[in-house]
Amino acid sequence: MNETIKEHSWVPLIIVALASFIIALDATFMNVSISQVVADLNTDVSTIQMIMSFYTLITAAFMLLSAKLQDIVGKKKLFLIGTALYGVGTFTAAISSSATMLFIGWSVIEGIAGALMMPATVSIISGTYSGEKRTVALAIVGVMGAIAAAIGPLFGGVMTTFLSWRYGFACELIIVFIILVMQSKIPNFAPTESKSDLDITGAIISFVGLVLLVLGILSLSKDMTTSIATIILGLIALDGFALFEIRRKRNGKVPLLDMALFKDRNLRVGSIILLLSYLAMGGALFAVSLFLQSVLELNAFNTGLTTLPLTMGLLIFAVLAPSLTGKMKHKTIMAIGCIMSIAGCLLLSYQFRLDTETLNLVPGLFVMGAGLGFLMALCTDISLVNIPKESQNNASGVNTTSQTLGESLGTAVIGIILILGVFGGISHAVDIYAPEYSGNETFHQEAYDYFQKVGSINEIKENDTIEDIVNIIIQDTMAFVMQVTAIIMGIVFILTLRLQDKKN
């Protein structure tokens, strides 16, 4: 480490936190800008959605390789290479004149760059700080991605409403410039392995496995059968990757990923907690944003403002969490966070109707965000607590891969839950208002098709019976989504109890 960089300086933390912020922001801020992008680039919605999906896909697929490259290139050097490449990608995206150009700049270049940067953000912090400062630093970096994802719709709404979506990428370019200017403040870390140690075969197998897994997840709501088959093939490939890595280590060669790391309970359980937490947050935000825009007919800016309480709760309690670790165990604080998130989900489950006021959503969103803040702030720290220094790079790759997969899973899984919820709501509504059609599947399907085609809530409100039916469908659907999210957080709560306490 560069001895001129003192551990009491928070500048390295600020630099890598900025990197975590823009990578996560990139995955969410364009969600509210799709229609404008379609018009500007003379393309269609499905193409833009594909470009957005491939950004996450490419980032996840290169994550494990990036974690190993830290050992060969050096974590600071790889981080800066990724940052410079990210700048090229975001500039290309900002000046895009076609969907192809946007795909190359955003999905491909920024996707690869994000994969190079993400594991390094965690390992740089782990190598720079120790003790309580390490806990605080990892908490801030760990929650920065969640905050960026939560404020993404607001940021995108401001850019699209008052300027242009291109300015969103331009803002990221400014942050990239700041990181590169301040690079001397990041400690130097010498490489620990040589180029000959790079496991090319393992990298290819892991790439194929992760691509198939994420691609299957992203297409869940479109073609269930093909998606499940793709996910299974991805899991088979990843299983083959694990066996290959174990054999490679037995033969005395350096593996891309040391599978022995998964013997550590905290890393194993903590990675699952990260995956499920980001799944829950991403999915809930997607469902709430959909409700706000489709039912309450809010614009992108007001949708972002309405979800701001979740972001505030996340930020306030993430900052508070490290200060509590001297009085309570990590797992205790995280378990409290789970309970708070469950309470927030249950509060929200009763709030969705045609006449819902946005203020009705504030308590549930804030409490849910606060609980996630406690959880996400400490999860990375306790996941890596037993990992030896020489394996921190590999372990950070596992953590960030779990986080990325969770973000990918959220929208896809909740999309399926929404569809199931609509069918359940229709069944409930038919039982009340049209009991003679209770067992008629054709009628139920026709009702579902009609529900999807209605373009205006005002049209629904012209008929009292239809308004009552739609009210029940919306209530049942959103309640189901929030209850499933609460169940996910219940699973996370059980997992936190399996963590080994960090010794203070």
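**Close-up 1. H1 passes H8 in a left-handed crossing.** This view comes from a predicted model. Helix H1 covers residues 11–26, and it packs against H8 at an angle of about 160°, with the two axes 10 Å apart. Since angles over 145 degrees count as roughly antiparallel, that makes H1 roughly antiparallel to H8. On the H1 side, look for Ile 15, Leu 18, Ala 19, Ile 22, Leu 25 and Asp 26. Their partners on H8 are Phe 169, Glu 172, Ile 175, Val 176, Ile 178 and Ile 179. Sort the residues of this contact by class and you get ten nonpolar, two charged and no polar ones.

**Close-up 2. Helix H5 also packs against H8.** H5 takes in residues 75–94 and H8 residues 165–181. Their axes sit 9 Å apart, at an angle of about 155°, which makes H5 roughly antiparallel to H8. The crossing of H5 past H8 is left-handed. H5 brings a whole list of residues to the contact, including Phe 79, Leu 80, Tyr 86 and Phe 91. From H8 come, among them, Trp 165, Arg 166, Phe 169 and Leu 173. Split by class, the contact of H5 with H8 holds 14 nonpolar, three polar and two charged residues.

**Close-up 3. Leu 210 sits in helix H9.** That helix runs over residues 200–218. Is Leu 210 buried or exposed? The cut-off for buried is under 20% relative accessible area, and Leu 210 has just 3%, so it counts as buried. Which residues does Leu 210 touch, leaving aside neighbours within four places in sequence? They are Leu 57, Ala 60, Ala 61, Leu 64, Leu 238 and Thr 401. You can also find Leu 233, which is 23 residues away from Leu 210 along the chain, with 10.0 Å between the two C-alpha atoms.

**Close-up 4. Helix H14 spans residues 330–348.** Follow its 19 residues from the first C-alpha to the last and you cover 27 Å, close to the 27 Å expected at 1.5 Å a residue. Quite a list of H14 residues is buried, including His 330, Lys 331, Ile 333, Met 334, Cys 338 and Leu 348.

**Zooming out. The chain has 19 helices and zero strands.** Of its 504 residues, 55% are buried. Now take the contacts between residues at least 6 apart in sequence: 83% of them join residues at least 24 apart.

Note on methods
Residues numbered from 1 in each chain as written. Predicted model: local features only at pLDDT ≥ 70, side-chain atom pairs only at ≥ 80, totals over all residues. Heavy atoms only, no water. Axes fitted to C-alpha atoms, helices over the stretch in contact; angles between N-to-C directions. Helix = DSSP H or I, 4+ residues; strand = E, 2+ residues; numbered from the N terminus. Parallel < 35°, antiparallel > 145°, perpendicular 65-115°, else oblique. Left-handed = near helix turned anticlockwise from the far one by under 90°. Contact = heavy atoms within 4.5 Å. Nonpolar A, V, L, I, M, F, W, Y, C, P; charged D, E, K, R; others polar. Expected span 1.5 Å × (residues − 1). Buried < 20%, exposed > 50% of the residue type's maximum accessible area, 1.4 Å probe, protein only.
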